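Trainee: I would like to go through the terms used for this model and ask what stands behind each one.
Mentor: Go ahead.

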Amino acid sequence: MNCHDFNADNIPVGETPAKELLLQIQEMPKCGHCGNCLYSYIMLAQNIDDEELKSLFGDDLLEDTALIPELNELAGLVSNPYPNRLRIARVNKVLQGISLQKERGNKALIKHYINECIKQYEGDMLEEYFNMAP
Ligand SMILES: [Zn+2]
């Protein structure tokens, strides 16, 4: 098993993952450059600090701007005819929490995420404004 077969849907939101699951993630080979690695990284970042994450994945994936397309996909920021709604909800829940953490709010992918959310919010506001116009 490697990162491409691993399903991070198993990592719970809001609670510490079981020891066996962490051990499994620790032992499997991870490329550190794919959507599955990023998904696992984000889900683990709720409960695991940067140093430990870096030692697990070899790098700080939240600083890797090459992963922006994967992040957009995971967070549902790009249109997709077959969105994985459960995954998108899980990722957004965790990213919102991480965005509020002082030491993580400045990471490249978190900044990108916050900017995209603001853009989407402004888009919705504008649309509402024009819908209200007579
Ligand atoms: Zn990978």
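Mentor: The questions below take the terms one at a time, for a model that is predicted.

Trainee: What makes up the fold, in helices and strands?
Mentor: The protein has six helices and zero strands. In sequence order the pattern is α-α-α-α-α-α. The C-alpha trace spans about 60 × 35 × 30 Å along its principal axes.

Trainee: How many of the residues are buried?
Mentor: Of the 134 residues in the protein, 23% are buried. A residue counts as buried if 20 or more other C-beta atoms lie within 10 Å of its own.

Trainee: Why is cysteine 117 called partly exposed?
Mentor: Cysteine 117 has 16 other C-beta atoms within 10 Å. Buried needs 20 or more and exposed needs 12 or fewer, so with 16 the residue is partly exposed. Cysteine 117 is found in helix H6. Its C-alpha is 22 Å from that of aspartate 60, and the two residues are 57 apart in sequence.

Trainee: How do you know what span to expect of helix H5?
Mentor: The expected span is 1.5 Å times one less than the number of residues. Helix H5, residues 85-99, has 15 residues, for which 21 Å is expected. From first C-alpha to last, H5 reaches 21 Å, which is close to that expected span.

Trainee: Which residues of H5 are buried, and what makes you say that they line one face?
Mentor: Arg90, Val91, Val94 and Leu95 are buried in H5. Seen down the axis of H5, its buried residues fall within an arc of 125 degrees, so they line one face of the helix. These buried residues pack against helix H2 (35-45), helix H4 (68-75) and helix H6 (108-132).

Trainee: Why are H2 and H5 called oblique to each other?
Mentor: Their packing angle is about 55 degrees. Under 35 degrees would count as roughly parallel, 65 to 115 as roughly perpendicular, and over 145 as roughly antiparallel. The angle of about 55 degrees is in none of these ranges, so H2 and H5 are oblique. Their axes are 9 Å apart, and H2 passes H5 in a left-handed crossing.

Trainee: Which residues meet where H2 and H5 pack?
Mentor: From H2 there are Tyr39, Ile42, Met43 and Ala45, which meet Val91, Val94, Leu95 and Ile98 in H5.

Trainee: What share of contacts joins residues at least 24 apart?
Mentor: The share is 66%, taken among contacts in the protein between residues at least 6 apart in sequence.

How values were computed:
Residues numbered from 1 in each chain as written. Predicted model: local features only at pLDDT ≥ 70, side-chain atom pairs only at ≥ 80, totals over all residues. Helix = DSSP H or I, 4+ residues; strand = E, 2+ residues; numbered from the N terminus. Contact = placed C-beta atoms within 7 Å. Arc of directions from axis to C-beta. Axes fitted to C-alpha atoms, helices over the stretch in contact; angles between N-to-C directions. Left-handed = near helix turned anticlockwise from the far one by under 90°.
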